[in-house]
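Please look through the sequence and the model shown here before reading on. The paragraphs that follow take up the loops and then one whole chain.

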Amino acid sequence: MRSTVIFSEKATPASITEFHDILSNDLVSIKEKWSFEFKTYRLTVKNLPQGSSKLMHVITFTNRDNQSVIIKNNSAIITSSATEAVQSSLTLNGCSTGTLDTFDNLLVSKLSNLWTQRQNIKGDFGSTFKTTELTVRATNVFSYGGFKGLLIELECEDGVSDKDFDQRVMKIRHLLDEMSIGEYRVCSSSMDPKNYNFICDLAFQYVKVLEV
Amino acid sequence: MVLQLSLVSSIDDDSYDLCVSTLSNLCGNPPIVFGNFTAMLKPNPAFDIEQVNSKNQLVEQSRIKLSKGLPLHEVEPDNAKRDFRILKKYQNDEVEGLDPQIMQDMLYGSRDLDEMEVDGETNKGGSTTQNAWSLSISDIPTAGSGRKVSTQAITETTVLASGGSSPSIISFLSELGYVLDFQLLVLGIKFNMNNGVFLELSKIWRLNDGRTEQITKGGFLVKAFVNVAKSTDIKSINLGTTSLLALQKELSGYVELEIPDRKSMDSRLENKNDI
(Lines give C-alpha, C1' and ligand atoms only; values in the text may rest on other atoms or scores of the structure.)
Protein backbone atom coordinates (compact mmCIF):
# COMPACT_ATOMS: atom_id res chain seq x y z
CA MET A 1 0.00 0.00 0.00
CA ARG A 2 1.26 3.43 -0.89
CA SER A 3 -0.02 6.88 -0.14
CA THR A 4 0.36 10.49 -1.22
CA VAL A 5 -0.71 13.62 0.61
CA ILE A 6 -1.58 16.90 -1.09
CA PHE A 7 -2.15 20.20 0.68
CA SER A 8 -3.33 23.46 -0.83
CA GLU A 9 -3.10 26.62 1.20
CA LYS A 10 -4.75 28.71 -1.53
CA ALA A 11 -7.94 26.67 -1.53
CA THR A 12 -11.18 28.11 -0.13
CA PRO A 13 -13.60 26.28 2.17
CA ALA A 14 -15.76 25.61 -0.90
CA SER A 15 -12.95 23.94 -2.88
CA ILE A 16 -13.75 20.58 -1.36
CA THR A 17 -17.20 20.64 -2.98
CA GLU A 18 -15.65 21.56 -6.31
CA PHE A 19 -13.19 18.70 -5.92
CA HIS A 20 -16.05 16.31 -5.21
CA ASP A 21 -17.84 17.51 -8.35
CA ILE A 22 -14.93 16.99 -10.71
CA LEU A 23 -14.22 13.61 -9.12
CA SER A 24 -17.84 12.48 -9.46
CA ASN A 25 -17.36 10.96 -12.92
CA ASP A 26 -14.99 8.36 -11.50
CA LEU A 27 -16.73 7.78 -8.18
CA VAL A 28 -17.59 4.23 -7.22
CA SER A 29 -18.91 5.02 -3.77
CA ILE A 30 -18.76 7.51 -0.95
CA LYS A 31 -17.38 6.05 2.25
CA GLU A 32 -17.13 7.01 5.91
CA LYS A 33 -16.29 10.41 7.35
CA TRP A 34 -12.79 10.78 8.74
CA SER A 35 -10.62 13.20 10.70
CA PHE A 36 -7.06 13.74 11.76
CA GLU A 37 -5.15 15.83 14.23
CA PHE A 38 -1.66 17.18 13.68
CA LYS A 39 0.30 18.56 16.61
CA THR A 40 3.74 20.06 16.64
CA TYR A 41 5.97 19.98 19.69
CA ARG A 42 9.17 21.88 20.10
CA LEU A 43 12.19 20.79 22.13
CA THR A 44 13.01 23.42 24.73
CA VAL A 45 16.62 22.35 25.18
CA LYS A 46 18.90 25.28 24.33
CA ASN A 47 22.34 23.74 23.99
CA LEU A 48 21.61 21.48 21.02
CA PRO A 49 24.21 21.20 18.28
CA GLN A 50 23.60 23.75 15.54
CA GLY A 51 21.29 22.71 12.74
CA SER A 52 19.63 19.88 14.61
CA SER A 53 15.87 19.72 14.32
CA LYS A 54 13.81 20.73 17.33
CA LEU A 55 10.40 19.74 16.05
CA MET A 56 8.45 16.61 16.75
CA HIS A 57 5.06 15.84 15.23
CA VAL A 58 2.19 13.80 16.57
CA ILE A 59 -0.36 12.82 13.91
CA THR A 60 -3.50 11.02 15.01
CA PHE A 61 -5.73 9.23 12.52
CA THR A 62 -9.20 8.60 13.91
CA ASN A 63 -10.15 6.51 10.89
CA ARG A 64 -7.22 4.14 11.36
CA ASP A 65 -8.02 2.64 14.75
CA ASN A 66 -7.18 5.94 16.37
CA GLN A 67 -3.50 5.29 15.87
CA SER A 68 -1.00 8.09 16.39
CA VAL A 69 2.34 8.35 14.71
CA ILE A 70 5.03 10.38 16.43
CA ILE A 71 7.83 11.53 14.18
CA LYS A 72 11.09 13.20 15.00
CA ASN A 73 13.82 13.29 12.34
CA ASN A 74 14.25 9.79 10.96
CA SER A 75 12.55 7.95 13.76
CA ALA A 76 8.90 7.25 14.34
CA ILE A 77 6.75 5.30 16.73
CA ILE A 78 3.14 4.22 16.42
CA THR A 79 0.91 4.34 19.48
CA SER A 80 -2.74 3.70 20.02
CA SER A 81 -5.20 3.91 22.85
CA ALA A 82 -7.28 1.01 21.56
CA THR A 83 -4.97 -1.97 21.78
CA GLU A 84 -6.74 -4.75 23.62
CA ALA A 85 -4.88 -7.65 22.02
CA VAL A 86 -1.45 -6.15 22.62
CA GLN A 87 -2.45 -4.90 26.01
CA SER A 88 -3.38 -8.26 27.47
CA SER A 89 0.03 -9.67 26.65
CA LEU A 90 1.79 -6.70 28.24
CA THR A 91 -0.45 -6.83 31.30
CA LEU A 92 0.16 -10.55 31.80
CA ASN A 93 3.88 -9.99 31.79
CA GLY A 94 3.64 -7.32 34.42
CA CYS A 95 4.74 -4.58 32.03
CA SER A 96 1.50 -2.68 31.90
CA THR A 97 -1.16 -1.70 34.41
CA GLY A 98 -3.81 -1.88 31.72
CA THR A 99 -4.83 1.77 31.94
CA LEU A 100 -3.46 3.82 29.10
CA ASP A 101 -2.95 7.49 28.41
CA THR A 102 -2.26 8.96 25.00
CA PHE A 103 1.29 9.88 24.09
CA ASP A 104 0.17 13.50 23.92
CA ASN A 105 -0.92 13.28 27.49
CA LEU A 106 2.44 11.90 28.54
CA LEU A 107 4.20 14.77 26.77
CA VAL A 108 1.97 17.42 28.28
CA SER A 109 1.82 16.07 31.81
CA LYS A 110 5.26 14.58 32.35
CA LEU A 111 7.67 15.92 29.75
CA SER A 112 6.56 19.54 29.51
CA ASN A 113 10.02 20.71 30.61
CA LEU A 114 11.40 19.11 27.44
CA TRP A 115 8.56 19.58 24.97
CA THR A 116 6.17 22.48 24.39
CA GLN A 117 3.19 22.29 22.09
CA ARG A 118 3.42 24.82 19.26
CA GLN A 119 0.72 24.08 16.78
CA ASN A 120 -2.51 22.19 16.50
CA ILE A 121 -3.94 21.52 13.05
CA LYS A 122 -7.14 19.59 12.58
CA GLY A 123 -9.20 18.13 9.79
CA ASP A 124 -12.65 17.18 11.00
CA PHE A 125 -15.48 15.36 9.30
CA GLY A 126 -13.69 14.91 5.97
CA SER A 127 -15.08 12.93 3.03
CA THR A 128 -13.86 9.59 1.70
CA PHE A 129 -14.35 8.87 -1.99
CA LYS A 130 -13.71 5.52 -3.57
CA THR A 131 -12.78 5.76 -7.23
CA THR A 132 -11.94 2.86 -9.50
CA GLU A 133 -8.25 3.47 -8.90
CA LEU A 134 -7.80 5.08 -5.50
CA THR A 135 -9.26 5.84 -2.12
CA VAL A 136 -9.38 9.63 -1.93
CA ARG A 137 -9.83 11.38 1.39
CA ALA A 138 -10.39 15.11 1.42
CA THR A 139 -10.91 17.49 4.29
CA ASN A 140 -10.81 21.17 5.10
CA VAL A 141 -8.03 21.92 7.53
CA PHE A 142 -8.33 24.28 10.47
CA SER A 143 -5.88 25.62 12.98
CA TYR A 144 -7.40 27.01 16.20
CA GLY A 145 -10.67 27.64 14.32
CA GLY A 146 -9.06 29.47 11.37
CA PHE A 147 -9.26 27.94 7.88
CA LYS A 148 -5.87 26.74 6.66
CA GLY A 149 -6.58 24.96 3.38
CA LEU A 150 -7.58 21.73 1.68
CA LEU A 151 -5.86 18.45 2.39
CA ILE A 152 -6.18 15.40 0.14
CA GLU A 153 -4.92 11.96 1.02
CA LEU A 154 -4.56 9.37 -1.74
CA GLU A 155 -4.24 5.70 -0.97
CA CYS A 156 -4.09 2.67 -3.22
CA GLU A 157 -4.71 -0.96 -2.47
CA ASP A 158 -2.07 -3.63 -2.06
CA GLY A 159 -0.54 -5.02 -5.19
CA VAL A 160 -0.51 -1.83 -7.21
CA SER A 161 2.92 -1.17 -8.63
CA ASP A 162 4.76 2.04 -7.75
CA LYS A 163 4.59 3.14 -11.36
CA ASP A 164 0.83 2.63 -11.60
CA PHE A 165 0.31 4.45 -8.34
CA ASP A 166 2.36 7.42 -9.51
CA GLN A 167 0.28 7.59 -12.70
CA ARG A 168 -2.96 7.53 -10.72
CA VAL A 169 -1.70 10.31 -8.50
CA MET A 170 -0.83 12.33 -11.62
CA LYS A 171 -4.42 12.01 -12.84
CA ILE A 172 -5.71 13.50 -9.60
CA ARG A 173 -3.11 16.25 -9.87
CA HIS A 174 -4.35 17.08 -13.38
CA LEU A 175 -7.86 17.36 -11.96
CA LEU A 176 -6.57 19.70 -9.27
CA ASP A 177 -4.76 21.79 -11.86
CA GLU A 178 -8.12 22.41 -13.54
CA MET A 179 -9.47 23.79 -10.29
CA SER A 180 -8.70 27.29 -9.13
CA ILE A 181 -6.78 26.32 -6.02
CA GLY A 182 -3.43 27.61 -7.19
CA GLU A 183 -0.24 26.01 -5.97
CA TYR A 184 -0.22 23.04 -3.71
CA ARG A 185 2.36 20.85 -1.98
CA VAL A 186 2.60 17.14 -2.72
CA CYS A 187 4.52 14.43 -0.93
CA SER A 188 4.75 10.76 -1.88
CA SER A 189 8.03 9.97 -0.17
CA SER A 190 8.72 7.26 2.31
CA MET A 191 10.68 7.61 5.56
CA ASP A 192 12.74 4.64 4.54
CA PRO A 193 12.56 3.81 0.81
CA LYS A 194 14.04 0.38 1.47
CA ASN A 195 11.34 -0.50 3.90
CA TYR A 196 7.82 0.82 3.35
CA ASN A 197 5.75 1.28 6.46
CA PHE A 198 2.34 2.53 5.40
CA ILE A 199 1.20 4.50 8.42
CA CYS A 200 4.64 5.95 9.25
CA ASP A 201 5.08 7.05 5.65
CA LEU A 202 1.60 8.58 5.57
CA ALA A 203 2.35 10.56 8.73
CA PHE A 204 5.70 11.62 7.29
CA GLN A 205 3.88 12.95 4.20
CA TYR A 206 1.53 14.97 6.43
CA VAL A 207 4.57 16.51 8.10
CA LYS A 208 6.13 17.37 4.75
CA VAL A 209 3.06 19.14 3.34
CA LEU A 210 1.79 20.80 6.50
CA GLU A 211 5.05 21.99 8.01
CA VAL A 212 6.35 24.98 6.10
CA MET B 1 -3.03 7.87 34.81
CA VAL B 2 -3.41 4.84 37.02
CA LEU B 3 -2.98 4.63 40.77
CA GLN B 4 -1.10 1.64 42.07
CA LEU B 5 -1.65 0.67 45.69
CA SER B 6 0.99 -1.70 46.98
CA LEU B 7 2.65 -3.48 49.85
CA VAL B 8 5.95 -5.36 49.66
CA SER B 9 7.93 -7.99 51.50
CA SER B 10 10.47 -10.69 50.79
CA ILE B 11 10.97 -14.39 51.38
CA ASP B 12 14.10 -16.52 51.14
CA ASP B 13 14.73 -19.18 48.52
CA ASP B 14 14.04 -22.05 50.91
CA SER B 15 10.56 -20.79 51.78
CA TYR B 16 9.52 -20.60 48.15
CA ASP B 17 7.79 -23.99 47.84
CA LEU B 18 5.79 -23.59 51.01
CA CYS B 19 4.92 -20.02 50.19
CA VAL B 20 3.63 -20.96 46.74
CA SER B 21 1.45 -23.74 48.09
CA THR B 22 0.10 -21.51 50.86
CA LEU B 23 -0.75 -18.75 48.44
CA SER B 24 -2.23 -21.17 45.91
CA ASN B 25 -4.54 -22.49 48.62
CA LEU B 26 -5.42 -18.99 49.67
CA CYS B 27 -6.41 -17.77 46.21
CA GLY B 28 -7.63 -21.08 44.83
CA ASN B 29 -5.57 -20.97 41.64
CA PRO B 30 -2.05 -21.90 40.68
CA PRO B 31 0.25 -18.96 39.86
CA ILE B 32 1.11 -17.77 36.36
CA VAL B 33 4.77 -17.55 35.34
CA PHE B 34 5.75 -14.21 33.87
CA GLY B 35 8.91 -12.48 32.77
CA ASN B 36 9.70 -9.01 31.59
CA PHE B 37 12.56 -6.92 30.42
CA THR B 38 12.74 -3.33 31.60
CA ALA B 39 14.96 -0.55 30.36
CA MET B 40 15.07 2.61 32.44
CA LEU B 41 15.92 5.77 30.54
CA LYS B 42 17.02 9.12 31.83
CA PRO B 43 17.04 12.56 30.21
CA ASN B 44 20.14 13.02 28.08
CA PRO B 45 22.76 14.44 30.48
CA ALA B 46 24.29 16.45 27.64
CA PHE B 47 21.10 18.51 27.40
CA ASP B 48 20.63 21.68 29.32
CA ILE B 49 17.09 21.00 30.53
CA GLU B 50 15.00 23.67 32.23
CA GLN B 51 13.45 22.92 35.59
CA VAL B 52 10.27 24.74 34.59
CA ASN B 53 8.00 24.47 31.58
CA SER B 54 6.62 27.24 29.37
CA LYS B 55 3.89 27.95 31.95
CA ASN B 56 6.58 28.42 34.57
CA GLN B 57 5.51 25.32 36.46
CA LEU B 58 8.18 23.25 38.12
CA VAL B 59 8.66 19.96 36.24
CA GLU B 60 11.16 17.56 37.67
CA GLN B 61 13.06 15.23 35.40
CA SER B 62 11.76 11.72 35.63
CA ARG B 63 13.02 8.48 34.25
CA ILE B 64 11.05 6.65 31.60
CA LYS B 65 10.36 2.97 32.04
CA LEU B 66 10.26 0.92 28.88
CA SER B 67 9.27 -2.69 29.20
CA LYS B 68 8.02 -5.72 27.37
CA GLY B 69 7.44 -9.39 28.05
CA LEU B 70 10.20 -11.94 27.75
CA PRO B 71 9.93 -14.78 25.28
CA LEU B 72 9.35 -17.36 28.00
CA HIS B 73 9.59 -20.27 25.59
CA GLU B 74 13.31 -19.59 25.45
CA VAL B 75 13.50 -20.24 29.20
CA GLU B 76 11.40 -23.39 29.11
CA PRO B 77 10.30 -24.67 25.69
CA ASP B 78 7.85 -27.17 27.14
CA ASN B 79 4.60 -25.38 27.88
CA ALA B 80 3.45 -27.99 30.36
CA LYS B 81 6.59 -27.66 32.45
CA ARG B 82 6.40 -23.89 32.57
CA ASP B 83 5.07 -23.57 36.11
CA PHE B 84 6.33 -22.04 39.35
CA ARG B 85 9.03 -24.69 39.75
CA ILE B 86 11.16 -23.31 36.93
CA LEU B 87 12.00 -20.32 39.11
CA LYS B 88 13.84 -22.55 41.54
CA LYS B 89 16.75 -23.00 39.20
CA TYR B 90 17.43 -19.27 39.18
CA GLN B 91 19.32 -18.68 42.39
CA ASN B 92 22.45 -17.23 40.83
CA ASP B 93 23.62 -14.46 38.57
CA GLU B 94 23.15 -16.45 35.39
CA VAL B 95 19.76 -16.56 33.75
CA GLU B 96 19.88 -20.01 32.23
CA GLY B 97 18.27 -20.31 28.83
CA LEU B 98 18.03 -16.58 28.21
CA ASP B 99 20.57 -14.92 26.02
CA PRO B 100 21.02 -11.32 27.24
CA GLN B 101 21.67 -10.47 23.62
CA ILE B 102 17.94 -10.94 22.95
CA MET B 103 17.18 -7.88 25.10
CA GLN B 104 19.73 -5.77 23.30
CA ASP B 105 18.32 -6.86 19.98
CA MET B 106 14.80 -5.99 21.11
CA LEU B 107 15.94 -2.52 22.11
CA TYR B 108 18.02 -1.78 19.07
CA GLY B 109 15.69 -3.59 16.70
CA SER B 110 18.32 -5.68 14.98
CA ARG B 111 16.68 -9.01 15.62
CA ASP B 112 14.25 -10.41 13.15
CA LEU B 113 11.29 -10.62 15.46
CA ASP B 114 9.45 -13.11 13.31
CA GLU B 115 12.13 -15.63 14.12
CA MET B 116 11.10 -15.54 17.73
CA GLU B 117 7.61 -16.73 16.93
CA VAL B 118 8.51 -20.38 17.14
CA ASP B 119 6.15 -21.18 19.92
CA GLY B 120 2.72 -20.42 18.49
CA GLU B 121 1.08 -20.68 21.87
CA THR B 122 2.71 -17.73 23.58
CA ASN B 123 2.96 -15.51 20.58
CA LYS B 124 -0.56 -15.20 19.32
CA GLY B 125 -1.26 -11.81 17.87
CA GLY B 126 1.73 -11.92 15.58
CA SER B 127 4.34 -9.29 15.18
CA THR B 128 2.34 -6.41 16.65
CA THR B 129 2.44 -8.07 20.02
CA GLN B 130 6.12 -8.78 19.59
CA ASN B 131 7.03 -5.23 18.76
CA ALA B 132 4.88 -3.53 21.35
CA TRP B 133 6.47 -1.80 24.31
CA SER B 134 4.93 -0.34 27.38
CA LEU B 135 6.25 3.13 28.16
CA SER B 136 5.55 4.70 31.53
CA ILE B 137 6.56 7.41 33.96
CA SER B 138 5.89 6.99 37.68
CA ASP B 139 5.45 9.71 40.28
CA ILE B 140 6.94 9.45 43.72
CA PRO B 141 4.42 7.69 46.03
CA THR B 142 2.18 10.02 48.01
CA ALA B 143 3.59 11.23 51.29
CA GLY B 144 1.93 11.22 54.68
CA SER B 145 2.41 9.40 57.96
CA GLY B 146 -1.12 8.04 58.18
CA ARG B 147 -0.79 5.89 55.06
CA LYS B 148 -1.53 2.21 55.29
CA VAL B 149 -0.44 1.30 51.76
CA SER B 150 1.87 2.87 49.20
CA THR B 151 0.02 4.90 46.55
CA GLN B 152 1.83 5.67 43.33
CA ALA B 153 0.53 7.37 40.19
CA ILE B 154 1.75 5.92 36.88
CA THR B 155 1.28 7.51 33.46
CA GLU B 156 1.52 4.90 30.77
CA THR B 157 1.19 4.52 27.02
CA THR B 158 1.74 1.66 24.58
CA VAL B 159 4.11 1.84 21.66
CA LEU B 160 2.79 -0.54 19.01
CA ALA B 161 5.74 -0.36 16.67
CA SER B 162 8.54 1.89 15.58
CA GLY B 163 9.54 2.89 12.08
CA GLY B 164 11.52 5.30 9.97
CA SER B 165 15.01 4.93 8.59
CA SER B 166 16.46 4.46 12.07
CA PRO B 167 13.63 2.29 13.30
CA SER B 168 14.67 1.13 16.76
CA ILE B 169 12.74 2.23 19.82
CA ILE B 170 16.00 3.47 21.34
CA SER B 171 16.71 5.80 18.44
CA PHE B 172 13.25 7.33 18.78
CA LEU B 173 13.67 7.82 22.50
CA SER B 174 17.03 9.47 21.98
CA GLU B 175 15.26 11.91 19.65
CA LEU B 176 12.80 12.43 22.48
CA GLY B 177 15.74 13.39 24.69
CA TYR B 178 16.22 10.18 26.64
CA VAL B 179 19.17 7.80 26.90
CA LEU B 180 19.58 4.39 28.53
CA ASP B 181 20.28 4.37 32.24
CA PHE B 182 20.04 0.77 33.42
CA GLN B 183 18.31 -2.45 32.44
CA LEU B 184 16.51 -5.07 34.47
CA LEU B 185 15.25 -8.55 33.90
CA VAL B 186 12.37 -9.94 35.96
CA LEU B 187 11.17 -13.53 36.23
CA GLY B 188 8.38 -14.29 38.60
CA ILE B 189 5.04 -15.81 39.35
CA LYS B 190 1.79 -14.00 39.82
CA PHE B 191 -1.25 -14.91 41.90
CA ASN B 192 -4.62 -13.45 41.15
CA MET B 193 -5.97 -13.03 44.69
CA ASN B 194 -9.50 -11.98 45.51
CA ASN B 195 -10.86 -8.46 45.13
CA GLY B 196 -8.51 -7.38 42.36
CA VAL B 197 -5.34 -7.91 44.40
CA PHE B 198 -2.37 -9.34 42.55
CA LEU B 199 0.55 -10.88 44.34
CA GLU B 200 3.90 -11.34 42.66
CA LEU B 201 6.96 -13.28 43.75
CA SER B 202 9.89 -12.29 41.60
CA LYS B 203 13.60 -12.56 40.97
CA ILE B 204 15.28 -9.49 39.52
CA TRP B 205 18.53 -9.22 37.60
CA ARG B 206 20.46 -6.23 36.51
CA LEU B 207 21.84 -6.38 32.98
CA ASN B 208 25.31 -5.00 32.52
CA ASP B 209 27.43 -5.32 29.39
CA GLY B 210 25.71 -8.55 28.43
CA ARG B 211 26.15 -10.00 31.91
CA THR B 212 23.37 -10.56 34.41
CA GLU B 213 23.67 -9.94 38.12
CA GLN B 214 20.93 -11.00 40.45
CA ILE B 215 19.75 -8.31 42.87
CA THR B 216 17.38 -10.61 44.73
CA LYS B 217 20.01 -13.24 45.53
CA GLY B 218 18.90 -15.62 48.26
CA GLY B 219 15.26 -14.70 48.06
CA PHE B 220 12.25 -13.33 46.24
CA LEU B 221 10.61 -9.96 46.17
CA VAL B 222 6.99 -10.17 47.24
CA LYS B 223 4.69 -7.45 45.98
CA ALA B 224 0.95 -7.22 46.50
CA PHE B 225 -0.82 -4.56 44.50
CA VAL B 226 -4.12 -3.20 43.25
CA ASN B 227 -4.43 -0.95 40.21
CA VAL B 228 -7.10 1.73 40.29
CA ALA B 229 -7.84 3.12 36.83
CA LYS B 230 -9.01 6.55 37.96
CA SER B 231 -7.23 8.57 40.61
CA THR B 232 -10.53 10.25 41.50
CA ASP B 233 -12.30 6.96 42.14
CA ILE B 234 -12.21 7.17 45.95
CA LYS B 235 -14.51 4.19 46.33
CA SER B 236 -12.17 1.86 44.44
CA ILE B 237 -9.14 3.27 46.23
CA ASN B 238 -10.74 2.55 49.60
CA LEU B 239 -11.82 -0.89 48.45
CA GLY B 240 -8.32 -1.65 47.17
CA THR B 241 -6.76 -0.47 50.41
CA THR B 242 -9.12 -2.61 52.45
CA SER B 243 -8.39 -5.68 50.31
CA LEU B 244 -4.63 -5.17 50.61
CA LEU B 245 -4.88 -4.73 54.37
CA ALA B 246 -7.00 -7.88 54.63
CA LEU B 247 -4.29 -9.81 52.78
CA GLN B 248 -1.64 -8.24 55.00
CA LYS B 249 -3.54 -9.43 58.04
CA GLU B 250 -4.08 -12.89 56.63
CA LEU B 251 -0.39 -13.40 55.89
CA SER B 252 0.83 -11.68 59.03
CA GLY B 253 3.23 -13.82 61.05
CA TYR B 254 4.29 -15.53 57.84
CA VAL B 255 4.99 -12.94 55.16
CA GLU B 256 5.02 -9.45 56.61
CA LEU B 257 3.69 -7.10 53.93
CA GLU B 258 4.87 -3.57 54.49
CA ILE B 259 4.74 -0.15 52.86
CA PRO B 260 7.79 0.17 50.59
CA ASP B 261 10.20 3.02 51.24
CA ARG B 262 8.92 6.03 49.31
CA LYS B 263 12.39 7.05 48.27
CA SER B 264 13.22 3.71 46.73
CA MET B 265 10.09 4.05 44.60
CA ASP B 266 11.09 7.49 43.35
CA SER B 267 12.10 7.56 39.70
CA ARG B 268 13.11 11.21 39.55
CA LEU B 269 16.60 11.89 38.35
CA GLU B 270 17.94 13.77 41.38
CA ASN B 271 16.98 10.93 43.62
CA LYS B 272 19.60 8.50 42.37
CA ASN B 273 22.36 9.56 44.76
CA ASP B 274 20.16 9.23 47.80
CA ILE B 275 19.67 5.50 47.59
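Is Asp209(B) buried or exposed? Asp209(B) is exposed, because 5 other C-beta atoms lie within 10 Å, where exposed stands for 12 or fewer other C-beta atoms within 10 Å of a residue's own, buried for 20 or more and partly exposed for what is in between, with C-beta atoms placed from the backbone. This is a predicted model, in which local features need pLDDT of at least 70 and side-chain atom pairs count only at pLDDT 80 or more, while totals for chains, interfaces and linings use all residues. Residues are numbered from 1 along each chain as its sequence is written, and chains are lettered from A and ligands numbered from 1 in the order in which they are written.

Asp209(B) sits in the loop of chain B that joins strand E7 (198–208) to strand E8 (211–214), strands being DSSP runs of E with at least two residues and helices runs of H or I with at least four, numbered from the N terminus. Although Asp209(B) is not a glycine, its phi is positive, at about 45°. Most residues other than glycine have a negative phi.

In chain A, Tyr144(A) occupies the loop between strand E7 (135–143) and strand E8 (146–155), and this residue, not a glycine, has a positive phi of about 45°. Tyr144(A) counts as exposed because it has 9 C-beta neighbours inside 10 Å.

Chain A as a whole holds five helices and nine strands, which follow one another from the N terminus as β-α-β-β-β-β-α-α-β-β-β-α-β-α. Its C-alpha trace spans about 55 × 40 × 35 Å along the principal axes, and 42% of the 212 residues of chain A count as buried.
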